[in-house]
Amino acid sequence: MVILWLAASPAQAAAPSGFACPDEEKTVEFGFYAHFEPVSYSAVRDPGASGFDSHRGYEADLLSAVEAMKGARLSFSRRAIGAWKGIWLLPAGPRYDMVGGGITILDSRTRDEAGRTAIAFTAGHIEFRQSLLVRAEDAARLARHRDLTGTDRVGVLAGTTGEARLLELTGIADASGVLTAGTRVDTPNGTRVADGSADYVINAAAASPELAERRRLRPASDAMPVVAYFQEEPALIEALAAGRIDAVAKGEIGNRADALAHGGSIVVTALDSRAETGGFALAAEDAALAACLDRHIGWLTDGGRIGYREWLDDPSVFMRRARRAAP
């Protein structure tokens, strides 16, 4: 398994001393994406169940270790969020101070719909790579993104880096998300045909208003794959296993967890050469809180030397380090 993480600066790696942290105990209203196992997920999938707000996974244990540190003076009131779309912008509103859930840090995700800076991110604490999840019998045929052809159907979640990177790697869109002229996007209001201009954009932060409720994307070239949109990750995996789609485009960590759960009948291929850095999102005016978190997360990760891979081997690794920091 190839999992990378971001190294912290020497200042972040130093033992915490209350740097930029609140003078009194502070409860942070924290929202987490409920469906990114094992990075961040809810104990139960049903939003109506009492355990839906019970946070699990790598990010859950990392924040619990922050809570245990004497100098942080922070606690997290956690609420699960079932919808991914625009989750990083929620701290700009009144309900959440901070959100997480495997969110890639992008400058474009710091701005609201009006283009104003609304969000600040902590320093990255984990890295992701995009990949494909395919049926085992298709592993050799779909070893790379460029192996996808016009006969293939790829499932994605809208507004994810998995979607955006798929479109770029297959040539359906450029690096900014501008769709190639002739690309057809099916929506509830009809089919929109891209003209190659910035009026037809799909990237990891936003999409053109006419494309917001996209259901299917058919490239201009018959050599490129059809993209099918799903609302939830479980439906993606079910469609792949049933043969309704040929691949799922999303991050390696989640894809490997799904592959493991299916006993080898589906496998991970096409590991992206580009790494993405993930962090927590806060309101832009909460830069001091972000600095506080950076200081303590830097200590818990030992400047990046303890990360996702170490947590996967030993989920208590962050809590043990937190207790070392206490007098």
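Modeller: Helices here are DSSP runs of H or I with at least four residues, strands are runs of E with at least two, and both are numbered from the N terminus. This is a predicted model, so local features need pLDDT of at least 70 and side-chain atom pairs 80 or more, while totals for chains, interfaces and linings use all residues. Residues count from 1 along each chain as its sequence is written, and side-chain values use heavy atoms, without hydrogens or water.

Colleague: Which elements supply at least two residues each to the lining of the largest cavity?

Modeller: Strand 6 (98-104), strand 8 (126-135), strand 9 (153-157), strand 14 (247-251), helix 3 (161-169), helix 4 (233-242) and helix 5 (252-261).

Colleague: What makes it a cavity rather than a pocket?

Modeller: On a 1 Å grid over the protein atoms alone, a 1.4 Å probe fits in a cavity but cannot get out, whereas a pocket is an open set with protein on both sides within 12 Å along at least five of seven lines; lining residues have an atom within 4 Å of a point. The search of the whole structure finds two cavities of 30 Å³ or more. The largest has about 280 Å³, a volume being the space filled by probe spheres set on points joined across faces, edges and corners. Its lining has 22 residues, with Phe36, Thr160, Glu233, Lys250 and Gly251 nearest the centre.

Colleague: How many of the lining residues of the largest cavity are nonpolar, polar and charged?

Modeller: Eight are nonpolar, 10 polar and four charged. Asp, Glu, Lys and Arg count as charged, Ala, Val, Leu, Ile, Met, Phe, Trp, Tyr, Cys and Pro as nonpolar, and the others, Gly among them, as polar. So Glu233 and Lys250 go under charged, and Phe36 under nonpolar.

Colleague: And the pockets?

Modeller: The largest pocket is about 870 Å³. Its lining has 29 residues, and Lys85, Gly86, Ala205, Ala206 and Ala207 are closest to the centre. The split is 14 nonpolar, seven polar and eight charged.

Colleague: Why would a set of residues be called a nonpolar core?

Modeller: Its members are buried (under 20% relative accessible area, 1.4 Å probe, protein chains only), drawn from Ala, Val, Leu, Ile, Met, Phe, Trp, Tyr and Cys, and joined through side-chain atoms within 4.5 Å. The largest core has 62 residues, and Leu74, Phe76, Met98, Leu293, Leu300 and Phe318 touch the most other members. Helix 6 (residues 287-300) gives this core the most, seven residues. Another core lies apart, with 23 residues, including Ala173 and Ile202.

Terms used:
Buried < 20%, exposed > 50% of the residue type's maximum accessible area, 1.4 Å probe, protein only.
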